[in-house]
Amino acid sequence: MAQVTVELDERSYPIHIGAGFLTLLKQKLTGLRHQVLIITNPTVASFYLAPVLEQLADHQVEVFEMPDGEQYKSLAVYTEVMDRLIARGFNRDCAILALGGGVVGDLAGFVAATFQRGVDFFQVPTTLLAQVDSSVGGKTAVNHPRGKNLIGAFYQPQAVLIDTECLQTLTERDYLSGLAEVVKYGIIYDAAFFQWLEDHATELKQRNTHALIHAIERSCDIKAKVVAADEREAGIRALLNLGHTFGHAIEAATNYGEWTHGEGVAAGTVIASKLAEVTQRLSASDFRRIYALLDALGLPVKGPQMPWSQWLDYMQRDKKVKDGKLHFILPTGIGSAEVVKDIDSKTVAAVITECC
Ligand SMILES: NC(=O)c1ccc[n+]([C@@H]2O[C@H](COP(=O)([O-])OP(=O)(O)OC[C@H]3O[C@@H](n4cnc5c(N)ncnc54)[C@H](O)[C@@H]3O)[C@@H](O)[C@H]2O)c1
Ligand SMILES: O=C(O)C(=O)C[C@@H](O)[C@H](O)[C@H](O)COP(=O)(O)O
Ligand SMILES: [Zn+2]
């Protein structure tokens with residue numbers, strides 16, 4: 001059982017972390033409004049909706065089940081949710097509760113940010129990826145067919161409730177995808193945590209509860225600190241994007257279906273790390289450690305083959321372009337990274353070819 005606080009200038013909020021915490025939802029999510037829209041999907045609802053509804057018996061609850069899949073993190077589904085809220089007479093003092101993975105959470109957050117210019121928002125993340133990353137920090141968005149998260153807003157939740165037991169029902173693929181973002185924190189911020197991940201790779205793969213609670217708490221703590229220092233990504237927060245310029249290109253180019261977000265981030269992290277090695281920012285031995293850890297955790301360490309023109313097209317639409325120049329997040333060691341803007345395309349293209 002643990003609690004991490006996200007300390008912001010305007011308002012702070014808690015992240016409650018523990019095994020079995022779903023049964024404490026009512027107790028932990030203090031201040032939950034009477035009118036609640038739960039956004040979830042059929043997969044998650046089949047496991048976890050009943051216990052949540054049971055606790056909210058004295059609230060006016062509406063449930064919106066969006067279809068399951070990254071391709072539904074879309075403006076079309078967003079509009080359907082808005083239609084439902086309006087049809088059911090929801091007003092400004094309602095709350096939106098996201099029950100699901102990062103797809104549900106990102107879309108629900110964008111609904112909360114924009115319905116009547118903003119209503120209360122609670123995150124109950126049920127995937128590892130959502131527990132260590134997407135439920136924290138207030139990035140909300142939907143995808144556009146030509147790029148990831150191109151339509152969205154910064155909008156912080158009131159609180160996050162993490163039940164680590166939910167992770168036991170995840171498929172192997174979805175579980176491992178979350179580990180990619182966990183490894184990210186070790187690479188960009190915390191060498192000791194990276195070493196701990198190397199030492200506990202087997203327990204993590206086996207979903208050992210103690211190992212999971214430590215990994216989730218440490219990840220949330222790092223993310224909370226980074227977000228507190230730079231809520232709107234003017235500086236250090238950009239480091240949380242390690243591997244994402246390449247990963248987002250992979251997701252979009254494969255129509256948001258073939259690769260999970262975490263898989264794209266894993267392959268993208270290898271590309272970014274190789275780019276850092278080739279441009280003499282990262283030692284060959286640190287590159288090998290990053291590659292070996294992702295590989296040991298069962299994550300993809302090779303990206304898909306696609307023409308350079310296609311990589312460039314997607315990368316140029318991602319959010320790391322400034323003054324027409326691509327910015328890359330590159331590790332400079334285990335535990336540190338930097339934003340780099342002056343790498344020539346030839347070098348990037350050659351590294352991508354080597355890593356795909
Ligand atoms: N906002 C942010 O800061 C941020 C950070 C990282 C990722 N993201 C976004 O998050 C999304 C990826 O999130 P994800 O990996 O959670 O994917 P996801 O939401 O698609 O969930 C993966 C799969 O797991 C299922 N699932 C969820 N909880 C389950 C459970 N407890 N048991 C069994 N099945 C369960 C889902 O139905 C889905 O099929 C991407 O859209 C990515 O862009 C956002
Ligand atoms: O919270 C952040 O900041 C992140 O960058 C976390 C990422 O893991 C996440 O995938 C995020 O949605 C990517 O942001 P984007 O601005 O590149 O869409
Ligand atoms: Zn991510």
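Here is a short tour of the main sheet, a helix packed on it, an annotated region and the nonpolar core. Please keep in mind that this is a predicted model. Its open sheet has 7 strands with mixed pairing, and the largest nonpolar core holds 110 residues.

**The sheet**
- The strand order is E1-E2-E9-E6-E5-E3-E4.
- Strands E1 (2-6) and E4 (60-65) are at the edges with a single partner strand each, so each has one side without a neighbour in the sheet.
- On average, neighbouring strands here are turned by 15° against each other, direction ignored.
- Within the sheet, E5 (residues 94-100) and E6 (residues 120-125) run parallel and are joined by 6 bridges.
- Across from Ala98 you will find Gln123 in E6.

**A helix across the strands**
- Helix H9 (residues 209-229) lies across E1, strand E2 (13-18) and strand E9 (159-163).
- The helix runs at about 15° to E1.

**The annotated region**
- An unreviewed UniProt entry lists residues 64-175 as "domain: 3-dehydroquinate synthase N-terminal".
- Over that stretch, the chain is 33% helix and 30% strand, with its end C-alpha atoms 24 Å apart.

**The nonpolar core**
- Ile39, Ile96 and Leu107 touch the most other members of the largest core.
- Helix H6 (residues 172-189) supplies the largest share of this core, 10 residues.
- Because domain 1 (2-169) and domain 2 (172-355) both contribute residues, the core lies between them.
- Setting aside neighbours within four places in sequence, Leu107 is in contact with Ile39, Met66, Lys73, Val77, Tyr78 and Val142.
- As general background, nonpolar side chains in soluble globular proteins tend to be buried together.

Methods. Residues numbered from 1 in each chain as written. Chains lettered and ligands numbered in written order. Predicted model: local features only at pLDDT ≥ 70, side-chain atom pairs only at ≥ 80, totals over all residues. Pairing = 2+ DSSP bridges. Helix = DSSP H or I, 4+ residues; strand = E, 2+ residues; numbered from the N terminus. Axes fitted to C-alpha atoms, helices over the stretch in contact; angles between N-to-C directions. Contact = placed C-beta atoms within 7 Å. UniProt positions renumbered as here; feature names shortened; annotations may be inferred. Core = buried A, V, L, I, M, F, W, Y, C linked by C-beta atoms within 7 Å. Buried ≥ 20, exposed ≤ 12 C-beta atoms within 10 Å, placed from the backbone. Domains from an automatic or database assignment.
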